[in-house]
Amino acid sequence: MSNKTVKREFISIFLIAVTALGFGCSGQKLGESNSSATTSGAVRIQGSGASFPKPIYEKWVNEFGKVNPNVSIDYQSTGSGAGQKALLSKTADFGASDDPMSDADIKSAGSEILHIPTVLGAVVLTYNLESIKEPLKLTSQNISDIYLGNIKKWNDAKLKADNPTIVLPDTDILPVYRADSSGTSAVFTDFLSKTVPEWKEKVGMNKQPSWITGVGIGAKGNDGVMGQVKQSPNSIGYVELTFAKANNLPSALIKNKAGDFVDASLESVSAAAAASVAAMPDDLRVQITDAEGKGVYPIASYTYILVYKDQQDANKGKAIADFLWWAIHDGEKFVKDLHYSPLPAEVIKKVETKINSMTNSGKPLRQS
Amino acid sequence: MAQTGAIGDKIFRTVLLIAAASILLIVVAIFYMMVQNSMPTLQRFGIGFLTGSEWRPAQEEFGALPFIYGTLVSSLIALILAVPISLGIAIFLVEQAPAKIARPIAFMVELLAAIPSVVYGLWGIFVLAPFIRNYLGVFLQDYLGFLPFFQGRLTGIGMLTAGIILALMITPIITAVVRDVLEAVPTTQREAALALGATKWETTTIVLGNAASGIAGAVVLGLGRAIGETMAVTMVIGNSPQISASLFEPANTIASLLAANFAEATDKIYMSALIEIGLVLFLVTFVVNAFAKLLIMSVGDNSSSSKHV
């Protein structure tokens, strides 16, 4: 066998393979086949999105499955951004997100998208200061200064001023932030942007803000931030309340618009929601950070399930609508145990209307 | 019979050729796909993407330099720590240890290779980071603090921690391959050296010289894993895109950036930037591998010439 023929054969096979690849690329899109209603009336729903409501959604899915054994829902916690993307690309039947979708994204969907608020949560500042038993008091100005690198030590005069009874150590502060894109970061930076001009100018409100280089460390996910704060003395980080509670870490009292230092609790988060009900727009997309009123916790937010108003598959659409309806009524009783706050009654009314407006080719999915 | 044999050979050769061509095709296809998908940032930033040192997705500003730096430096630390240890283990196992000891040690090394990287990451956060913060870092600052590498704030999270974790992760691979390479060196060479009156040490250097290209191959394999490691690095490196001489400062690597952000990249331009930085990783790996191949070739020449002596 001559070397030449081998070479020629090799080239020809390579060319054939390249052409085959070309055909493969121009072929049809993957994953177009729908697998709903495969076995006698069983409906499979795929949801994906925010990690913050994962504990309550898992509980709901589980409990809803007991009542409706023919519906099986699978919720993947992939992050708010991924949830929005999955809905837009229709790789999931519903998306979940902590922050509302942008106008541009909603427009790009081509079909109307509904925002269904499900529960409320709070972002807390948790810290690792062994010697301190009393909860720390923080203003948005001080939080901003810590994350901008203006306040470097725990015994800074600005921190002492709000915490006269606490002996703060003479150690460097290690701020921990989210390195990945996250709804938690969006809520946190939204609060700081509303209240601190310097923050708004230097960092702003973003799911993935540009942190000041050389200040602090980044970690992936709520549990990543939790892990870093837990193991690093003198650190401070922001996480969803659920995660701080589950890890027995303290959370700071935050000064609200009314001037009080408030702990993140069911009541204070509900109060923030109640304070903003009047201002809630028709599409229910709203930020409730830095809300007015007494006893309001200022870093709170709704978390949303995103669905198409007009569902393509009648069985799936009905199952999703039923699930949402069940969640905001019967599902309510599981909310408090997991440290979320339930929706205010006025908001539940608005959500009911939204759920009842879901259709399948023009026909309503639920008879109210 | 000769006829059927010839046809059989032809089929056999074709099958092998298809297999060989497919690997080339896959590489080309990956490269093509990445270039295609990173077009928006390729056109918008050009070479500035590689030289820029600011990474601000919110402002649509993308500079990959801190990530390239972090990738190379963390892998370099890993190699500096892992190569001598791996060589030591492998030489001990092949040249010195009695079978009774060699077998359990070899088993332990293989066990290390089987541990998932997220476990290394957890161990890094909860054991290694406090150890560096409280002991190793303090020690380095006390005795080598005049070097820029060991200055600054000690948090336990950063480039050094990532490098040490990576060293741990690549040690088993390098050890296993070097052991195989050393075992492949004919026993007759050792016997010849010993017969000429060489000491154990001298014999080992001769064996090492003849195994040089294989050892270099093992190192490249380890380097490949270090460059591409994601989860364990993300957990201990601090994920801050900055270039700092201090090894105690947080940094970030390309693979770690991709792992943390790919799923959430919703903007077109951001997605493109991430794919382009993936392309950079692809090229960095390619260059490092090519460089190592050159190194192996030069070392290989030396060893073959020494064989004639």
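The following questions and answers introduce a predicted model.

Visitor: How many helices and strands are there in chain B, and what percentage of its residues count as buried?

Guide: Chain B contains 13 helices and 2 strands. Its C-alpha atoms fill a box of roughly 70 × 65 × 35 Å along the principal axes. A residue is buried if 20 or more other C-beta atoms lie within 10 Å of its own. Of the 309 residues of chain B, the share that counts as buried is 38%.

Visitor: Which helix supplies the largest share of the side of chain B that touches chain A?

Guide: The contact takes 34 residues from chain A and 31 residues from chain B. On the chain B side, helices H1 (2-37), H6 (117-144), H11 (231-237) and H12 (254-261) each supply at least two residues. The largest share, 7 residues, comes from H1(B).

Visitor: How many residues on the side of chain B that touches chain A are charged?

Guide: The residues on this side of chain B fall into three classes. Among them, 17 are nonpolar and 11 are polar. The number of charged residues is 3.

Visitor: Is helix H3 of chain A mostly covered or mostly uncovered, and which elements are included in what covers its buried residues?

Guide: Helix H3 (residues 80-88) of chain A is mostly covered, as 8 of its 9 residues are buried. Among the buried residues are A:Ser80, A:Gln84, A:Lys85 and A:Leu87. What covers the buried residues of H3(A) includes, in chain A, strand E1 (43-49), strand E3 (94-97), helix H4 (103-109), helix H7 (183-195) and strand E11 (300-308).

Terms used. Residues are numbered from 1 along each chain as its sequence is written. Chains are lettered from A and ligands numbered from 1 in the order in which they are written. This is a predicted model: local features need pLDDT of at least 70, side-chain atom pairs count only at pLDDT 80 or more; totals for chains, interfaces and linings use all residues. Two residues are in contact if their C-beta atoms, placed from the backbone, lie within 7 Å. Helices (H or I, at least four residues) and strands (E, at least two) are DSSP runs, numbered from the N terminus. Ala, Val, Leu, Ile, Met, Phe, Trp, Tyr, Cys and Pro count as nonpolar, Asp, Glu, Lys and Arg as charged, and the others, Gly among them, as polar. A residue is buried if 20 or more other C-beta atoms lie within 10 Å of its own, exposed if 12 or fewer, and partly exposed in between; C-beta atoms are placed from the backbone.
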